[in-house]
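Biologist: Before we discuss details, could you take me through this model element by element, with the cut-offs behind each term?

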Amino acid sequence: MIVTPEGAKLAPIVRSYLAREKEMYELAAEMQGVSIGNLTIAAYPSVATTWLPELVRNIMYHRT
């Protein structure tokens with residue numbers, strides 16, 4: 001991908017905007033008593049493709 005000079009000028013502003021947008025959603029969720037964010041799970045490839053998807057589905061199902 002080649003970034004134009006115009007795109008290079010806009011990139012920091014867009015990154016900043018997206019970071020602030022994420023902060024806004026996190027703050028709004030916190031105000032409602034909900035915790036949101038990213039979760040990183042390290043797993044062997046075999047685990048990640050076999051039982052991890054079902055585990056995540058079960059967590060999401062029982063969350064509601």
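**Reading the predicted model**

Biologist: How large is the relative accessible area of Glu26?

Modeller: Glu26 counts as partly exposed, a class that lies between buried (under 20% relative accessible area) and exposed (over 50%), with a 1.4 Å probe and protein chains only. This is a predicted model, in which local features need pLDDT of at least 70 and side-chain atom pairs count only at pLDDT 80 or more, while totals for chains, interfaces and linings use all residues. Residues are numbered from 1 along each chain as its sequence is written, and side-chain values use heavy atoms, with hydrogens and water left out. The relative accessible area of Glu26 is 28%.

Biologist: Which residue meets Glu26 in a salt bridge?

Modeller: A salt bridge here is a side-chain nitrogen of Lys or Arg within 4 Å of a carboxyl oxygen of Asp or Glu, and the N to O distance for Glu26 is 3.3 Å. The two residues lie 4 residues apart in helix α1, about one turn of the helix. Because an α-helix has 3.6 residues a turn, residues three or four places apart point the same way. The partner, partly exposed at a relative accessible area of 43%, is Lys22.

Biologist: How far in space is Lys22 from Gly37, C-alpha to C-alpha?

Modeller: Lys22 lies in helix α1, where helices (H or I, at least four residues) and strands (E, at least two) are DSSP runs numbered from the N terminus. Although Lys22 and Gly37 are 15 residues apart in sequence, their C-alpha separation in space is 9.1 Å.

Biologist: How many salt bridges does a search of the whole structure find?

Modeller: Besides the pair of Glu26 and Lys22, the side chains of Glu23 and Arg20 meet at 3.4 Å, N to O, and these two are 3 residues apart in α1. Glu23 is partly exposed at 40% relative accessibility, whereas Arg20 is exposed at 55%. In helix α3 (residues 52-63), the side chain of Glu54, partly exposed with a relative accessible area of 38%, meets that of Arg57 at 3.1 Å, N to O. For the whole structure, the number of salt bridges found is 3.

Biologist: At which residue does the kink in α1 lie?

Modeller: The bend at a residue is the angle between axes fitted to the seven residues ending there and the seven starting there, and in α1 a kink of about 35° lies shortly before the proline Pro12. Pro12 is itself in helix α1 and is partly exposed, with a relative accessible area of 46%. The residue at the kink is Ala11.

Biologist: How far apart are the end C-alpha atoms of α1?

Modeller: The expected span of a helix is 1.5 Å times one less than its number of residues, so the 27 residues of α1 should span 39 Å. The value in the model agrees with this, since the end C-alpha atoms are separated by 40 Å.

Biologist: Which residues form the nonpolar patch on the surface?

Modeller: Patches are made of residues with over 30% relative accessible area and no salt bridge, like charges being joined within 9 Å and nonpolar side chains (Val, Leu, Ile, Met, Phe, Trp, Tyr) within 5 Å. One member, Ile13, is found in α1 (residues 5-31) and counts as exposed at 56% relative accessibility. Together the patch has about 520 Å² of accessible area, by the Shrake-Rupley method with a 1.4 Å probe and, for residues, only the protein chains shown as cover. Its members are Leu10, Ile13, Val14, Tyr17 and Leu18.

Biologist: What separates the C-alpha atoms of Gln32 and Thr49 in space?

Modeller: Gln32 is found in the loop between α1 and α2 (45-49) and counts as exposed at 65% relative accessibility. Just after α1, Gly33 takes a positive phi of about 80°. Gln32 and Thr49 are 17 residues apart along the chain, and their C-alpha atoms are separated by 34 Å.

Biologist: What is the radius of gyration of the protein?

Modeller: There are 3 helices and 0 strands, in the pattern α-α-α along the sequence. The globule rule, 2.2 Å times the number of residues to the power 0.38, gives 11 Å for 64 residues, and the radius, taken over C-alpha atoms, is well over that, so the protein is more spread out than a compact globule. The C-alpha trace spans about 45 × 35 × 15 Å along its principal axes, and buried residues make up 5% of the 64 residues. The radius of gyration is 18 Å.
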